[in-house]
Amino acid sequence: MSTSGSALPDAHPAFAAIRQQAIESLNIRVEQYEHRKTGAVHFHLASENSENVFLVALRTVPQDSTGVAHILEHTALCGSAHYPVRDPFFMMLRRSLNTFMNAFTSSDWTAYPFASQNRKDFHNLLQVYLDAVFFSRLDPLDFAQEGHRVEFAEADNPDSDLVFKGVVFNEMKGAMSSITSVLWGKLCEHLFPTSTYHYNSGGDPRHIPDLSYEQLQAFYRSHYHPSNAIFMTFGDIPASEHQHVFEDKALCQFDKLSQRIQVQPEQRLAQPQRVQDSYVFDENDTADNRTHLVMGWMLGESSDLKQMLEAQLLSSVLLDNSASPLQHALETTELGRSPSPLCGLEDSMRELVFCCGIEGSEASHADALEELVLDVIAQIARDGVSQERLEAVLHQLELHQREITGDGYPYGLQLILQALGCATHYSDPIAVLNLEPVIAELRKEIQQPDYIRRLARQLLLDNPHRVTLVMTPDRQLSTRQRREEEARLADIKSAMSAAEREATIKLAADLVARQAQVDDDSVLPKVELSDVPAALPELTFNEVRLRNLPFTTYGQGTNGIVYQQTIAPLPALDDAQLQILPLYTNILTEVGLGDDSYMTVQQRQSATVGAISAFVAMRGRADDEQTVNAHFALSSKALLRNTQSQSQLMHDTLHNARFDETGRIRELVNQQRARRDQSITGNGHSLAMGAACAGMSPLAHLHHHQSGLAGIRNVRLLDDSLASADGLKSFAERLEELHGHLLGSPMQFLVIAEDHKVAEVADLASGVWTAAASSAERPGFALPAIRERRAELWLTNTQVNFCARAYPTVPEQHPDAAALTVLGGFLRNGFLHRAIREQGGAYGGGASQDSGTAAFRFYSYRDPRLEGTLQDFDRAVTWMLDNRHEYRALEEAILGVIGSLDKPSSPAGEAKQHFHNRLFGRSHESRELFRQRVLAVSLDDLQRVVDTYLKPELASTAVVTSVGQFESTAALREKLDMTVQEL
């Protein structure tokens, strides 16, 4: 039946139309279909958006931690029936104008999404994706490459030691270096003793080698079938057009599968549990106060929309901001350093999970933490919370529902992923997209004084399905794990027959041969340079003076949300001020205003805006990387009805911020330290590149010392210095002095809103800011020029490595910047992907030109190697210079650059980007010129820029590795004259 009262949507004859529903708050119409023969479901989100999105998901429910679903996701993309080439996924990445291409393994589904603005490109990708998912070849050599294998350390020498290799094996070693991942995995293991969530769906490196090729095939046959598939599409291509391709290219060849794959409901615990375990701690620093204490509850079903939103409401009441009672307790307690990164509600699994806790604690504090948390929840169950706070939480839900995002993932993909969980559990995904009726229902419910009190009792206080996890640091754990792995490999080797040794050598040789083979890529569809749009669209904007203040306005389709920024040029700053600048911008919107404490201000923010933040934007000049321009900005977003109070909040933040709440400042620095520490294993390649580039331009040098590896170390040192009252008081005074210094610069204003409202919004905002006084000219921001080589080895807590090498090049207006930009993709496609990922076993690797800092960078990500990878970077340069290359490879590299240049973002994101480009002298015309230069790059240009800029004597190197690897790097350190740095 149709729930919208209109006729059923048109469907392809192979599909039955079930219903459709318009969701006005999202400007979409959701249509539901079912494939008549197989039962495959198709949800189409019809929109006028030309960025079309496709996703097919399979319910995947592993019963062990071998990573079968994850390894299958990788292996399925390595060749299929109609595209029998070795690597169609990565080949299509570079033959396409896609705005997104990837594959994901979740805890209970595996999804294959892509997006494109080009109809021809979309059709090409759709055919390849359907074939990969439903007709994958699953070559045993691909399983060995992507999953796991054993090889001799010297591949052709059976007397050398055995080692484990495999892309997923190394990826998950990197993931298990993240304490957040380890905490979550361990918590799920005990919260879910019987269901699929008990296991690590990505794979535990200890269990990945247990997976056989036959088990992979069996899992594929049972799970990768249309009867177990969920098709989701978004955009302006009609559903029937998609369905024609689904039927013609895949579904017509299948019958219905009787098996129903689903996550079984977890059995409820009769009483709370306490679990103690340990995590790898390889730092030379003290292990005191390094324990993580986490409490987790299993709640109701995530596919029950009312239950999910009630859990969200309660979670937000408890943890939404620093004024929320539980968040406040966790931030201010002496039991630990800062709240746990797991704090919040997890709604991606069949059952909801609520977590809270602290890090930087001791195991002996577990009882006290439980008492603290349960006391806060008991207080809510007894006294409730104010009506204003409940209204503020619903305000945040409403704003989140309305906002058109798309600056990370495409907007359509974000909506699809929001709905996918419900579809996975055979529930209604349309309801979870249309939150407004449920928010309206909650708005009535919160009028009842007992409502939130009942939720606190029912969901948490009286819920015995609770686990308290105590994770202590263990200096010996990585050594034990390494020895266990070595012993396992030694046992495998000792049990090998002569034939098995020969087979191991042959597998390694066959894999090298397969990786080196050149496939006939003409079987794959492609777009060509002739399919590239001639030019980028230009945004329209207005520059006006309102009450003698400069405003720039953009009328954009923001779905009733207003975005405001106030921007001022950064004045001259000394080194001490520069060092605390990122902490200042983080702290500014988290402290009190005037007579109001930070607790009061947090509540005001929650009721007024969706977000408010300060940041500093810095760029090297487009024609000179040694000259840096910088601006300070305060940014916020709010519902249209709150425009006036949004502007007033921004005004008060700038003019009334108080820096005398020193306890609050200490907490914020603590939290910043924790966040920086957690970023290392997920962002190690960027940090290594930042260290390698730090001598190439003033901006690169500053980034390394503010937010890079040196910045992480600086924050740790600063945090330690705040332990004394004098140190804390001095830091607060420095923040206040910096704040006053920044306020002396003349301001301009940016407003983005719906076209018919933007002038009214700007006028309202200008009324708030009329008191802003202009100031006299003063010295502008500048940084000393720098151009020097560096070689550094950074030691930290990781099981994998991150390698980087960088060369000084040119800024973006230089004629060679375009060729260097194309070169990054050319080297990745033609050499680095094979050498670093396929042969080297790293999860990722590549190269790119950063024209902002005038540097060309090579990198590897979650890499088992060090010196071999650095040698591959050098071999890539030699390969480029010593070989003749095909035009096709050049065309693919150019397409990749154009695709990234033309990639859309959200309506508000495009306006902000356009404004800041102009602010820093990047006009639309200059960006068009760069685009034309990219399209004109030749093979001769690529070899010329390699010869000119990528000289060995100019190279800088940085690697991030573990303390345990230190001894084995002695020869490398001596060879490259590397300075050792420790975090």
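Start with the open sheet of this predicted model: six strands in the order β17-β18-β22-β19-β21-β20, with mixed pairing. Select 542-546 for β17 and 611-621 for β20; these are the edge strands, and each pairs on one side only. Looking from one strand to the next, the twist averages 25°.

Next, select residues 549-555, strand β18, together with residues 748-753, strand β22. The two strands run parallel and are joined by five bridges. Show the side chains of Phe-551 and Phe-749: Phe-551 stands opposite Phe-749, which belongs to β22.

Now add the helices that lie on the sheet. Residues 575-588 form helix α19, which packs on the sheet and touches β20 and β21 (624-639). The direction of α19 makes about 150° with that of β20. Then select residues 758-768, helix α27, which lies across β17, β18, β19 (561-569) and β22. Relative to β18, α27 runs at about 155°.

Leave the sheet and select residues 867-882, helix α29, and residues 939-949, helix α33. Their axes are 9 Å apart, and the helices pack at an angle of about 135°. Angles over 145 degrees would count as roughly antiparallel and 65 to 115 as roughly perpendicular, so α29 is oblique to α33. The crossing of the two helices, α29 and α33, is left-handed.

Which residues make the contact of α29 and α33? From α29, show Val-877, Met-880 and Leu-881; from α33, show Leu-942, Gln-943, Val-946 and Asp-947. In this contact of α29 with α33, five residues are nonpolar, one is polar and one is charged.

Conventions:
Residues numbered from 1 in each chain as written. Predicted model: local features only at pLDDT ≥ 70, side-chain atom pairs only at ≥ 80, totals over all residues. Heavy atoms only, no water. Axes fitted to C-alpha atoms, helices over the stretch in contact; angles between N-to-C directions. Helix = DSSP H or I, 4+ residues; strand = E, 2+ residues; numbered from the N terminus. Parallel < 35°, antiparallel > 145°, perpendicular 65-115°, else oblique. Left-handed = near helix turned anticlockwise from the far one by under 90°. Contact = heavy atoms within 4.5 Å. Nonpolar A, V, L, I, M, F, W, Y, C, P; charged D, E, K, R; others polar. Pairing = 2+ DSSP bridges.
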